[in-house]
Amino acid sequence: MKVDNSWRIYTSKDKMAAYIEIEKEALSEEDIALFHESIENQLHEHGIVHGIKEDILTSIDLTVIEPILIAEGTKPINGEDGRLEILANLDTSINREEHWDYREVMRIPNVTKGQLLAKLILPKKGVDGVDVTGRDLKAKDGKQKKIRAGKNVVWKEDVHSFYAVSDGQISINNQQIQVLPVFKVNESISMKTGNLDFVGNIEIQGDVPSGFEIKAEGDIRIQGMVEGATIIAGGSVFIMEGIAGKNIGSIQAGNDIVLGYCNHSHIQAGNDLYVEKSILHSDCTAIGHVFCKLGNIIGGTVSAGKTMEAKDIGNRLGITTEIAFGINKNEYEKEKQLLNRKKTLEEDVEKIRKVGDRLRNGSIDNDPKLRLSLLRQRKLLKQTEEELQLIDQSLFVIQSTIGSENKASLTVRNFIHPNVIISFGKYKRIIKSAHHFVKIQVSKNEIEIIPLFE
């Protein structure tokens, strides 16, 4: 806008700034005297009403020939978009400290039931702007983050948060957040996958070589074979082929173990053990039953809390094979230790109570030392009784898992060979000659061998 021959005022194309440009040579003394009063009137007459820099106008330097900013608009501020704040730990890296196992190459991002997974941050509203002519400039509001609760995840509107409804592996993409109860490996375990430790179930579409460790709080399914590796499951273990453990491989399951064969391995099943073919030179324990209907049990020790069925036990070469029933050896030893500790604590309780009786018979009111001793006696009595209570609870659990030799039995569908040692609790018998199609059990305090067919 042309205001005068000695200066001109103009705005930027977007009307966000206004400038004055002074022609120093055209300024007369009269222009200088009236400059400040005149320029303000000119700004308002030409619609420049917002963002006027009063401080610059009152002290403007008429000797400057460059354009001077005298008004500036307010830019609109767009609102921030909503976003997902992930609160679960998605880090898959491993802490490689001094004692790091080089097979630990990856951490599975596990979550547990009820865990807060992520929180949705709401979008913010925009703040409108104004140009130097007073025209409003509309700002954009932030956009809502669109993501939904997927499998095993629940959305709580009141706290704008996602929660896990089951244990598993958290998975987040642009559309949904979900918890997968199964961690799948579509190949054999190798240094690429490393050891696995997962809160849900694990499925492996290959083998587990020696040295690796697979742990799951749920079930573990392995389509191939297991060598000298460690398999630990809170649920059941299923191995399509079997385990050739080289005397270092082991399987531990809270429930059943099902596998094709078992060679030179250590097996511990919280419930039943199913072996399709043979058990060779292994140490196997099952709280429930052992089934090996189609194969042999040769060498090693196999114990069952309840019953056992096998095609053949031992072999013609007389390899020593131990079969134990009714009692889980490990639990039996633990029970013995707890019973001994319980007896000691019961004696201690009796002694502590007698001490309390003697203290109460004294002049406690006038003797601070006696009062202190009585306080100590009460505290010690409470601690001892609490420990005794915990032992009773542990014994209840153990005794509920230890089977009874009187209800146990061994069924042999083909031959049981000499040098097989059979134990039913405190009863023991060494097989001296081969028997065919028999059932072996305890009757009238003796181990008897009964033909399956008369």
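Of the 454 residues in this protein, 39% are buried. The model is a predicted one. It contains 4 helices and 35 strands. The accessible surface comes to about 25,700 Å², and carbon and sulfur atoms account for 48% of that area. Among contacts between residues at least 6 apart in sequence, 38% join residues at least 24 apart. The points below cover charge pairs, a charged patch, two buried residues and two backbone angles.

**Salt bridges**

- The structure holds 9 salt bridges. Three of the pairs are described here: glutamate 21 with arginine 8, lysine 138 with aspartate 128, and aspartate 131 with arginine 135.
- Side chains of opposite charge can pair when their charged atoms come close.
- Glutamate 21 and arginine 8 meet through their side chains, with an N to O distance of 2.9 Å. This pair links distant parts of the chain, 13 residues apart. Glutamate 21 sits in strand E2 (residues 17–22), and arginine 8 sits in strand E1 (residues 7–11).
- Both partners of that bridge are partly exposed. The relative accessible area is 23% for glutamate 21 and 30% for arginine 8.
- Lysine 138 and aspartate 128 form a salt bridge at 3.6 Å, N to O. Here too the pair links distant parts of the chain, with the two positions 10 residues apart in numbering. Lysine 138 is in the loop between strand E8 (136–137) and strand E9 (148–149). Aspartate 128 is in the loop between strand E6 (116–121) and strand E7 (129–130).
- Lysine 138 is exposed, at 69% relative accessible area. Its partner aspartate 128 is partly exposed, at 38%.
- Aspartate 131 pairs with arginine 135, and their closest N and O atoms are 3.1 Å apart. Aspartate 131 is buried, at 0% relative accessibility. Arginine 135 is partly exposed, at 46%.

**Negative surface patch**

- Glu37, Glu40, Glu54 and Asp55 gather on the surface as a patch of negative charge.
- Two helices each supply at least two residues of the patch: helix H1 (29–45) and helix H2 (54–58).
- Aspartate 55 belongs to helix H2. Aspartate 55 counts as exposed because its relative accessibility is 55%, and the cut-off for exposed is over 50%.

**Buried residues and their contacts**

- Glutamine 169 lies in strand E12 (residues 168–172). This polar-named position counts as buried, at 16% relative accessibility.- Beyond its neighbours within four places in sequence, glutamine 169 is in contact with Ile108, Pro109, Gln178, Val179, Leu180, Val182, Phe183 and Phe198.
- Isoleucine 147 is found in the loop between E8 and E9. Isoleucine 147 counts as buried because its relative accessibility is 13%, and the cut-off for buried is under 20%.
- Leaving out residues up to four places away in sequence, isoleucine 147 touches Leu84, Leu120, Phe162, Ile172, Asn173, Asn174, Gln175, Gln176 and Ile177.
- Isoleucine 147 and isoleucine 177 are 30 residues apart along the chain. Their C-alpha atoms are separated by 7.3 Å.

**Positive phi angles**

- Most residues other than glycine have a negative phi.
- Histidine 160 has a positive phi of about 50°, although it is not a glycine. Histidine 160 lies in the loop between strand E10 (153–156) and strand E11 (161–164). Histidine 160 is partly exposed, at 24% relative accessibility.
- Histidine 264 also has a positive phi, near 50°. The place of histidine 264 is in the loop between strand E24 (262–263) and strand E25 (266–269). Histidine 264 is partly exposed, at 32% relative accessibility.

Key: Residues numbered from 1 in each chain as written. Predicted model: local features only at pLDDT ≥ 70, side-chain atom pairs only at ≥ 80, totals over all residues. Heavy atoms only, no water. Salt bridge = Lys/Arg side-chain N within 4 Å of Asp/Glu carboxyl O. Buried < 20%, exposed > 50% of the residue type's maximum accessible area, 1.4 Å probe, protein only. Patch = residues over 30% accessible without salt bridge, like charges linked within 9 Å, V, L, I, M, F, W, Y side chains within 5 Å. Areas by Shrake-Rupley, 256 points an atom, 1.4 Å probe, with all protein chains shown as cover. Lys, Arg positive; Asp, Glu negative; His and termini not counted. Charge placed at Lys NZ, Arg CZ, Asp CG, Glu CD. Contact = heavy atoms within 4.5 Å.
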